[in-house]
Amino acid sequence: MAAAKVYHAVGKRKTSIARVYMKSGSGEILINGKTCDDFFPAYFRPLVRKPLALLEVGSKYDMDLKVIGGGTSSQASACMYGIAKALILVNEQFRAPLKKAMLLTRDSRVVERKKYGHKKARRSFQFSKR
């Protein structure tokens, strides 16, 4: 019996990195050993499943994701980008609808660095004339 082919892709957002291992199965999504429903709050679950819902292949693939770094929001986005990249490895025809839905273009916005003489990146200390 031949082993199922496993597709590997990486998604990134801010400081989060999600490694996706996808194989054919029943649609189970495991994130760091937990189900998607246990790992993410209800608000972020549709974001993670967005590429699968767009292509209507949610119940065809099992996914094992390893996520490190960042917060809940950036981890969910990293998972989304990783799943979209893995789906392209499965079938190259998925590229056009995913690209049209902006799921392949990484959101490159990151936190601006703090500058010296300032309280935060742009916020200065309160100025007192007297």
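**Entry 1: Ser77**

I started with Ser77 and listed what it touches beyond four places in sequence: Arg13 and Leu47. The model is a predicted one, and I read every value below as computed from it. Ser77 is found in helix α4. I then checked its cover: the relative accessible area of Ser77 is 11%, so the residue falls under the 20% cut-off and is buried.

**Entry 2: Phe44**

Next I looked up Phe44, which lies in the loop between α1 (36-39) and α2 (45-48). Is Phe44 buried or exposed? Its relative accessible area is 14%, so I noted Phe44 as buried. Leaving out neighbours within four places in sequence, I found Phe44 in contact with Thr72, Ser73 and Ala76. I also took one long distance from this residue: Phe44 and Lys99 are 55 residues apart in sequence, and their C-alpha atoms are 21 Å apart in space.

**Entry 3: salt bridges**

I counted the salt bridges in the structure and got eight. I wrote down three of the pairs in detail.

- Asp37 and Arg45 meet through their side chains at 3.7 Å, N to O. Asp37 has 40% relative accessibility and counts as partly exposed. Arg45 is also partly exposed, at 23%.
- Arg95 and Glu92 form a salt bridge with an N to O distance of 2.9 Å. Arg95 is partly exposed, at 38% relative accessibility.
- Asp107 is bridged to Arg109, with the closest N and O atoms 2.8 Å apart. Arg109 has 57% relative accessibility, which is over the 50% cut-off, so it counts as exposed.

I followed the last pair further. Which residues are linked in a network of salt bridges? They are Arg13, Asp107 and Arg109. Arg13 had already come up in the first entry as a contact of Ser77.

**Entry 4: the sheet**

I traced the strands next. Five strands form an open sheet in the order β1-β2-β5-β3-β4, and the pairing is mixed. The edge strands are β1 and β4 (34-35), each of which pairs on one side only. Strands of a sheet pair through backbone hydrogen bonds, in either the parallel or the antiparallel sense.

I then looked at the two pairings of β5. With β2, the sense is antiparallel and there are eight bridges. In this pairing I picked out Val20, whose bridge partner in β5 is Leu65. With β3, the sense is parallel and there are three bridges. Here Ile29 stands opposite Met63 in β5, and Leu30 stands opposite Asp64 in β5.

**Entry 5: the nonpolar core**

I moved to the largest nonpolar core, which has 31 residues. Which of its members touch the most other members? I got Met22, Phe40, Met63, Leu65, Ile83, Leu87 and Leu98. The elements that supply two or more residues to this core are β1 (7-13), β2 (16-24), β3 (29-31), α3 (50-55), β5 (61-68) and α4 (72-90). Of these, α4 gives the most, with 10 residues. In soluble globular proteins, nonpolar side chains tend to be buried together.

Two members of that short list, Met63 and Leu65, I had already met as bridge positions in β5: Met63 opposite Ile29, and Leu65 as the partner of Val20.

I took Leu98 as one case to open up. Beyond four places in sequence, Leu98 is in contact with Pro51, Leu54, Leu55, Ala84, Leu87, Ile88, Leu103 and Leu104. Among these, Leu87 is also on the list of core members that touch the most others.

**Entry 6: the whole chain**

I finished with the overall values. The secondary structure comes to five helices and five strands, and along the sequence they follow the pattern β-β-β-β-α-α-α-β-α-α. Why did I note the protein as more spread out than a compact globule? Its radius of gyration is 19 Å, and the globule rule gives 14 Å for 130 residues, so the value is well over the rule. The C-alpha atoms fill a box of roughly 80 × 30 × 25 Å along the principal axes.

Buried residues make up 32% of the 130. Of the contacts with a separation of 6 or more, 67% come from residues 24 or more positions apart. I logged the exposed area as about 8,700 Å², with carbon and sulfur atoms supplying 54% of it.

Technical notes:
Residues numbered from 1 in each chain as written. Predicted model: local features only at pLDDT ≥ 70, side-chain atom pairs only at ≥ 80, totals over all residues. Heavy atoms only, no water. Core = buried A, V, L, I, M, F, W, Y, C linked by side-chain atoms within 4.5 Å. Buried < 20%, exposed > 50% of the residue type's maximum accessible area, 1.4 Å probe, protein only. Helix = DSSP H or I, 4+ residues; strand = E, 2+ residues; numbered from the N terminus. Contact = heavy atoms within 4.5 Å. Salt bridge = Lys/Arg side-chain N within 4 Å of Asp/Glu carboxyl O. Pairing = 2+ DSSP bridges. Rg over C-alpha atoms; globule rule 2.2 N^0.38 Å. Areas by Shrake-Rupley, 256 points an atom, 1.4 Å probe, with all protein chains shown as cover.
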